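Open the model in your viewer and show it as a cartoon. The stops below say what to select and what is there.

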Amino acid sequence: MKKNTMSGTNFDRQRWAVEIMNVQPNDQILEIGCGRGNAVRLVAGKVKSGHITALDRSEKMTSVAKQTNADVIASGLATVIHSEFPHAGLKSASFDKIFLFNINVFWMDPIAELNEVRRLLKPSGVFYIFHQPPPGHEPAEFAAKFKENLTKNNFDIKEVIFGEFEPVGAVCVISRPG
């Protein structure tokens, strides 16, 4: 397990996530729960012939993400969609990488969501769960639950990485469908 240390802003956490994913110029990437769209701009800056599709269930957050990223959307490097996951109607085997940050359903009982992740990933695709728990909780307890849920839904755990942030650290669980 690796540890990385960074400051505690939302942008720093998103930059950490994009760094861990090692975005390649032709990657097709899906972000589940894009919020304000901070990671959209970071990913779009690394893809050249690739693309990031970002979705969020909040109409307000989707609007903000579209405004914040209007230039990269206009360039064709990004799409922002207002939709619930897993009901976005995306094409099967479309993505090299799927990621999310702080989406609680993946900590609970994500059977339908993991089935959709499996359907959307290309055969060599990778799934990244990033999570920063609230103060008073340890990232390791969430890592254990993510690993348990992924394993029981036939995903293979590739790596777990911890990031040190203020006021509490974060975790990334990297997996592939088995």
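Trace the chain from its N terminus. The order of elements reads β-α-β-α-β-α-α-β-β-α-β-α-β-β. That comes to 6 helices and 8 strands. Keep in mind that this is a predicted model.

**The whole chain**

Zoom out. The C-alpha trace spans about 40 × 35 × 30 Å along its principal axes. How does the radius of gyration compare with that of a compact globule? For 178 residues, such a globule would have a value near 16 Å; this chain has 15 Å, so the two agree.

Now switch on the surface. The accessible area is about 8,300 Å², and carbon and sulfur atoms account for 51% of that area. Of the 178 residues, 51% are buried. Colour by charge next. There are 21 positive and 19 negative charges, and their mean positions lie 4 Å apart.

Contacts reach far along the sequence. Take those between residues at least 6 apart: 69% of them join residues at least 24 apart.

**Strand 5 and its partners**

Select residues 95-101, which form strand 5. Is this strand mostly covered or mostly open? It is mostly covered, with 7 of its 7 residues buried.

Add residues 28-32, strand 2. Strands 2 and 5 pair in the parallel sense over 4 bridges. To see one pairing, pick isoleucine 32; its bridge partner in strand 5 is leucine 100.

Then add strand 6, residues 121-131. Strand 6 runs parallel to strand 5, and 6 bridges join them. Here, pick phenylalanine 101; phenylalanine 130 in strand 6 stands opposite.

**Threonine 53**

Move to strand 3, residues 51-56, and select threonine 53. Buried or exposed? Threonine 53 has a relative accessible area of 9%, under the 20% cut-off, so it counts as buried.

Show its contacts beyond four places in sequence. Threonine 53 meets Ile29, Leu30 and Glu31, then Thr79 and Ile81, and also Leu90 and Phe95. Two of these lead back to strands already visited: Ile29 falls within strand 2 (residues 28-32), and Phe95 falls within strand 5 (residues 95-101).

**The loop from strand 4 to strand 5**

Strand 4 covers 78-82, and the loop between it and strand 5 holds alanine 93. Select alanine 93. This residue is partly exposed, at 39% relative accessible area. What does alanine 93 touch, beyond four places in sequence? The contacts are Arg119, Leu120, Leu121 and Lys122. Draw a distance to serine 124 as well. Serine 124 is 31 residues away along the chain, with 9.6 Å between the two C-alpha atoms.

Stay in this loop for proline 86. The peptide bond joining phenylalanine 85 to proline 86 is cis, with omega about 20°.

**Backbone stops**

Go to the loop between strand 7 (155-164) and strand 8 (170-177), and select proline 167. Here the bond from glutamate 166 to proline 167 is cis, with omega near 5°.

Finish with two asparagines. Asparagine 22 sits in the loop between helix 1 (10-21) and strand 2. Its phi is near 50°, a positive value in a residue other than glycine. Asparagine 154 lies between helix 6 (139-152) and strand 7, again in a loop. Phi of asparagine 154 is also positive, near 65°. Asparagine 154 is partly exposed, with a relative accessible area of 45%.

Notes: Residues numbered from 1 in each chain as written. Predicted model: local features only at pLDDT ≥ 70, side-chain atom pairs only at ≥ 80, totals over all residues. Heavy atoms only, no water. Rg over C-alpha atoms; globule rule 2.2 N^0.38 Å. Buried < 20%, exposed > 50% of the residue type's maximum accessible area, 1.4 Å probe, protein only. Contact = heavy atoms within 4.5 Å. Areas by Shrake-Rupley, 256 points an atom, 1.4 Å probe, with all protein chains shown as cover. Lys, Arg positive; Asp, Glu negative; His and termini not counted. Charge placed at Lys NZ, Arg CZ, Asp CG, Glu CD. Pairing = 2+ DSSP bridges.
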